[in-house]
Amino acid sequence: MLRHNCLAFVVSMQQEKIFTQPTSKLQAHSPNFPVQSDQAPSLCIAVIGATGELARRKIFPALFALYYSGFLPENVGIVGYSRKNLTDEDLRSIIASTLTCRIDHRENCGGKIDAFLSRTYYLNGGYDNREGMLKLSALMEHIEGGFEANRIFYLSVPQEALLDVASTLAISAQTQKGWNRIIIEKPFGFDALSSHWLTKALLSKFQEKQLYRIDHLLGRNLIENLTVLRFSNLIFEPLWSRTYIRSIQVILYFDGYGIIRDIVHSHILQTIALLAMEPPISLNGEDIRNEKVKVLRSIRRLEPSNVILGQYKATSDDKVDVKLNSLTPTYFAAVLYIDNARWDGVPFLIKAGMGLIKHRVEIRIQFRHVPGNIYHDRFGHNINLATNELILRDVPDEAILVPDSYEHLLLDVIDGDNHLFMRSDELTAAWNILNPVLQEIDKNNIAPELYELGGRGPVGAYYLWAKHGVQWTED
């Protein structure tokens, strides 16, 4: 006998991009530059802020993984730049302690690590960035040997140093013999005004196509595969509208990040844009970003009445940096509406928080009931409380063979694929959605609701869902 009609299709997004079939030569994957082992590098990568934790734990290991898999030229040049007084060997020793080979990449692991480290150099840039960038350019020219080469600059620097580093880099370190691409770490401003001035300053030095604003969460397999799921699937694409979908939930439980100005502004709004956008005219990055910004501009400005903030009950033993007497939110729930023909009236529900019952990256798409359902009286409960769902879940395998999101995104930068990187007009549109709530938070007009560490979050979020006619569903 049927007990209920809640049918969930769980789609687990694993390593489905380029890493399913590693190639030994970069040109088999990308025609952007040749691999010629008998010449100087055709690509040089500078990591600015090379001795920081992000560079040690994420950037250099991701670069090595790409190098091992054949997605970087064998003779790539990698320069670590910071203010510390180190040598090439010092940097290589620091990097070596973080490098590993995946389970499926054990062959010649030690040899590959040695080859990678031999292509890595260090430069003490000093405290004058103008002079430091001139030295960086000279070192890169020396490594390139006068040949044509492209350059990537990864700015892993504090926000307060970003504009000075970027400005001097633009003047003193760009090559004239190939393309230059600049990777910028979050945050991209702290509100609409600061983001506007940051963007204006960057665009006075670089072209938009050179800028890659990186959010490593957007490199997760779930997000990378959303466009494939939508636009190459005859089952789902015809259903992707208000006609068949009654609500969408985007859920992200995590540790260690800012909630609204980081996770919601960048990651969650970008996820919604990819979910809700119209089909682009091509898979070109700019065509995809054109459709994303249309969605973001169609989202209503978020009203405080449609927001629930939470803060978990911290103790002195907790590792998350939250003061016991502060109003710093550790949880954010909200309901968004997209005012266009495809999504009119469909609530998009956001849940993001830390200190919750378990880590989760998930999208839940709830479908409308079948008209005239003949099983209406067979379920033993109110059919309106049941729902059919499509669940898209990123369930990362913790084994070492799983590609890190930094690898995905760094390879996208090399390829010039910018569809997962926020364009300036996307930044503006996203801040405009959040501004009303951020202003109320800054005035202390919205108080976070306390919730238990390791629990399911504030009770108020359940009432918010109910107010918008949505069933709260969570495994």
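1. Nonpolar core. In this predicted model, the largest nonpolar core has 126 residues. The residues with the most contacts inside this core are Leu63, Leu136, Leu155, Phe332 and Ile365. Helix α9 supplies the largest share of the core, 11 residues. In soluble globular proteins, nonpolar side chains tend to be buried together.

2. Surroundings of Phe332. Leaving aside residues up to four places away in sequence, Phe332 touches Ile259, Ile260, Val264, Leu302, Val307, Ile308, Leu309, Ile350, Lys351, Ala352 and Val437. A second, separate core of 16 residues includes Tyr253, Ile308, Leu356 and Trp472. Ile308 is thus named both as a contact of Phe332 and as a member of the second core.

3. Overall composition. The protein has 13 helices and 14 strands. Of its 475 residues, 55% are buried. Taking contacts between residues at least 6 apart in sequence, 80% join residues at least 24 apart. The accessible surface comes to about 20900 Å², and carbon and sulfur atoms account for 52% of that surface.

4. Val165. This residue sits in helix α5, which covers residues 159-172. Val165 counts as buried because its relative accessible area is 4%, under the 20% cut-off. Beyond residues up to four places away in sequence, Val165 touches Ile48, Asn129, Met133 and Leu155. Val165 and Met133 are 32 residues apart in sequence, with a C-alpha to C-alpha distance of 8.3 Å. Leu155, another of the contacts of Val165, is also among the residues with the most contacts inside the largest nonpolar core.

5. Leu392. Leu392 is found in strand β13, and its relative accessibility is 0%, so Leu392 counts as buried. The C-alpha atoms of Leu392 and Val361 are 8.6 Å apart, while the two residues are 31 apart in sequence.

6. Salt bridges at Arg364. Side chains of opposite charge can pair when their charged atoms come close. The count for the model is 20 salt bridges. Arg364 takes part in a salt bridge with Glu362 at 2.6 Å, N to O, and in another with Glu389 at 2.8 Å, N to O. Arg364 lies in strand β12 (residues 360-367) and Glu389 in strand β13 (residues 388-393), so the pair Arg364 and Glu389 ties together parts that are 25 residues apart in sequence. How accessible is Arg364, buried or exposed? Arg364 has a relative accessibility of 2% and therefore counts as buried. Glu389 is buried as well, with a relative accessible area of 2%, and Glu362 is also buried.

7. A salt-bridge network. Glu286, Arg289, Arg423 and Asp425 are joined into one network through salt bridges that share partners.

8. Arg342 and Glu278. The side chains of these two residues form a salt bridge at 2.7 Å, N to O. The pair links distant parts of the chain, 64 residues apart. Arg342 is in the loop between β10 (331-337) and β11 (347-354), and Glu278 is in the loop between α9 (259-276) and α10 (285-298). The partners fall into separate burial classes: Arg342 has a relative accessible area of 17% and is therefore buried, whereas Glu278 has a relative accessibility of 32% and so counts as partly exposed. The 20% cut-off for buried residues lies between these values.

9. Ser195. Helix α6 (residues 192-203) contains Ser195, which is buried, with a relative accessible area of 2%. What does the side chain of Ser195 reach? The side chain comes to 3.3 Å from the backbone oxygen of Phe188. Phe188 is also one of the residues that Ser195 touches, together with Gly189, Leu427 and Trp431, when residues up to four places away in sequence are not counted.

10. Nonpolar surface patch. Which residues make a nonpolar surface patch of about 320 Å²? The patch is made by Val459, Tyr462 and Tyr463. Tyr462 belongs to helix α13 (residues 460-467). Its relative accessibility is 32%, so Tyr462 counts as partly exposed.

How values were computed:
Residues numbered from 1 in each chain as written. Predicted model: local features only at pLDDT ≥ 70, side-chain atom pairs only at ≥ 80, totals over all residues. Heavy atoms only, no water. Salt bridge = Lys/Arg side-chain N within 4 Å of Asp/Glu carboxyl O. Helix = DSSP H or I, 4+ residues; strand = E, 2+ residues; numbered from the N terminus. Buried < 20%, exposed > 50% of the residue type's maximum accessible area, 1.4 Å probe, protein only. Polar contact = N/O pair within 3.5 Å; in protein donor to acceptor, adjacent residues only side chain to side chain. Contact = heavy atoms within 4.5 Å. Patch = residues over 30% accessible without salt bridge, like charges linked within 9 Å, V, L, I, M, F, W, Y side chains within 5 Å. Areas by Shrake-Rupley, 256 points an atom, 1.4 Å probe, with all protein chains shown as cover. Core = buried A, V, L, I, M, F, W, Y, C linked by side-chain atoms within 4.5 Å.
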